[in-house]
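Trainee: Got a minute? I'd like to walk through this one with you.
Mentor: Sure. Put it up and ask away.

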Amino acid sequence: MLDYLPMFCQIRDKTCLLVGGGRVAERKARLLLDAGAHLLVNAREFTPQFKLWGETDQVTLIHGEFEPYWLEHCWLVIAATNDAVVNGYVSDCATVRRIFCNVVDEPRQASFITPSVIDRSPLVIAISSGGNAPVLVRLWREKLERLLPMHLGRLAAYGGTLRQRVKRHFHHLAARRHFWERFFTNERLMQSLVSQDRQQVDRVIETLFSESTQTNTDKTN
């Protein structure tokens with residue numbers, strides 16, 4: 001049985017609250033900002049990085065003690081102070097309001113956890129042990145980081161631009177799957193995307209459509 005439901009949340013332009021202004025909170029803030037959140041940060045004191053983010057309007061800083069009413073318009077909250085009592089209070093207030101809450105270093109108090117991430121956007125791989133074996137998670141993340149080329153994100157993004165064309169061109173699921181398998185394993189295509197050779201990319205794609213069509217025609221005859 002799963003301890004957690006693996007899930008990717010769309011929080012772009014959605015209001016999220018981060019309680020804490022230290023180094024640990026900084027790491028959480030970067031993750032939320034990368035995901036496009038409208039970020040409120042509450043703390044009694046802030047690191048220089050938070051102050052810089054505030055001065056450049058990347059986050060909204062709220063000085064002082066945590067107040068539950070700040071949760072009213074939030075989609076999720078992260079409690080990242082160095083005070084376990086404050087973190088627990090934030091979690092309790094979020095639970096009452098049915099808002100997902102992550103509590104740093106206290107997975108039992110959290111309604112969601114943030115996994116270790118390998119970012120090849122739009123390809124993203126998340127790894128978690130539910131807080132049971134963080135060192136094991138780090139070791140596997142490092143192994144996978146070395147295995148996964150940086151250009152995979154570019155390949156995935158380009159594939160996304162072809163999805164509707166593939167659906168129109170191939171009427172059967174098996175034919176589409178065959179095309180995508182060839183697409184994602186084509187070395188010439190990968191090299192052309194990396195070198196940004198648009199003409200070569202177009203030639204490879206047209207060849208893939210043509211050869212995949214012929215292969216599937218032969219199978220049905």
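Trainee: Which residue in S3 does valine 41 stand opposite?
Mentor: Leucine 61. Keep in mind that this is a predicted model.

Trainee: How many bridges join S2 to S3, and which way do the two run?
Mentor: Five bridges, and the strands run parallel.

Trainee: What's the order of strands in the whole sheet?
Mentor: S3-S2-S1-S4-S5. That makes five strands in an open sheet, with parallel pairing. The edges are S3, residues 59-63, and S5, residues 100-103. Each of those pairs on one side only. On average, neighbouring strands are turned by 20° against each other, ignoring direction.

Trainee: What holds strands of a sheet together in general?
Mentor: Backbone hydrogen bonds, in either a parallel or an antiparallel arrangement.

Trainee: Back to S2. Why call it largely enclosed?
Mentor: Strand S2 covers residues 38-43, and five of its six residues are buried, so the rest of the structure largely encloses it.

Trainee: And how is S2 tied to S1?
Mentor: Through five bridges, with the two strands parallel. Leucine 17 has leucine 40 in S2 as its bridge partner.

Trainee: Which helix goes with S1 and S2 in a β-α-β unit?
Mentor: H1, residues 23-34. The unit is right-handed. S2, helix H2 (residues 48-55) and S3 also make a right-handed β-α-β unit.

Trainee: Now the other edge. How many bridges between S4 and S5?
Mentor: Four. S4 spans residues 76-79 and runs parallel to S5. Leucine 76 has phenylalanine 100 as its bridge partner in S5.

Trainee: Which strands does H3 lie across?
Mentor: S1, S4 and S5. H3 is residues 84-96, and its angle to S5 is about 165°.

Trainee: Asparagine 87 caught my eye. Where is it?
Mentor: In helix H3.

Trainee: Buried or exposed?
Mentor: Buried. Its relative accessibility is 5%. The cut-off for buried is under 20%.

Trainee: What does asparagine 87 touch?
Mentor: Leaving out residues up to four places away in sequence, asparagine 87 touches Ala79, Ala80, Thr81, Val103 and Gln109.

Trainee: What about cysteine 101? Which strand is it in?
Mentor: Strand S5. Cysteine 101 counts as buried, at 1% relative accessibility. With the same four-place exclusion, its contacts are Val77, Val90, Ser91, Ala94, Ala110, Ser111 and Phe112.

Trainee: How far is cysteine 101 from leucine 173?
Mentor: Their C-alpha atoms are separated by 39 Å. Along the chain, the two residues are 72 apart.

Trainee: Let's switch to backbone geometry. What's the usual sign of phi?
Mentor: Negative for most residues other than glycine, and most peptide bonds are trans.

Trainee: So what's the phi of arginine 98?
Mentor: Positive, about 60°, although arginine 98 is not a glycine. Arginine 98 sits in the loop between H3 and S5. It is exposed, with a relative accessible area of 80%.

Trainee: And which peptide bond is cis?
Mentor: The one from serine 121 to proline 122, with omega near 5°. Proline 122 is in the loop between strand S6 (116-120) and strand S7 (123-127).

Trainee: On to H7. Which residues there are buried?
Mentor: Leu189, Met190, Ser192 and Leu193. H7 itself runs over residues 187-194. Seen down the axis of H7, the buried residues fall within an arc of 165°, so they line one face of the helix.

Trainee: Why would residues spaced along an α-helix point the same way?
Mentor: An α-helix has 3.6 residues a turn, so residues three or four places apart point the same way.

Trainee: What happens at the start of H7?
Mentor: A side-chain oxygen of asparagine 186 comes to within 3.1 Å of the backbone nitrogen of arginine 188.

Trainee: And just after H7, what phi does glutamine 196 take?
Mentor: A positive one, about 60°. Glutamine 196 is not a glycine either. It belongs to the loop between H7 and helix H8 (198-220).

Trainee: Is glutamine 196 buried or exposed?
Mentor: Exposed, at 63% relative accessibility.

Methods: Residues are numbered from 1 along each chain as its sequence is written. This is a predicted model: local features need pLDDT of at least 70, side-chain atom pairs count only at pLDDT 80 or more; totals for chains, interfaces and linings use all residues. Side-chain values use heavy atoms; hydrogens and water are left out. Two strands pair if DSSP finds at least two bridges between them. Axes are lines fitted to C-alpha atoms, for helices over the stretch in contact, and angles run from 0 to 180 degrees between N-to-C directions. Contact means heavy atoms within 4.5 Å. Buried means under 20% relative accessible area, exposed over 50%, partly exposed in between (1.4 Å probe, protein chains only). The arc is that of the directions from the helix axis to the C-beta atoms. A polar contact is a pair of N or O atoms within 3.5 Å; within protein, one must be able to donate a hydrogen and the other to accept it, and residues adjacent in sequence count only if both atoms are side-chain atoms. A crossover is right-handed if, with the strands pointing away from the viewer, the path from the first strand over the helix to the second runs clockwise.
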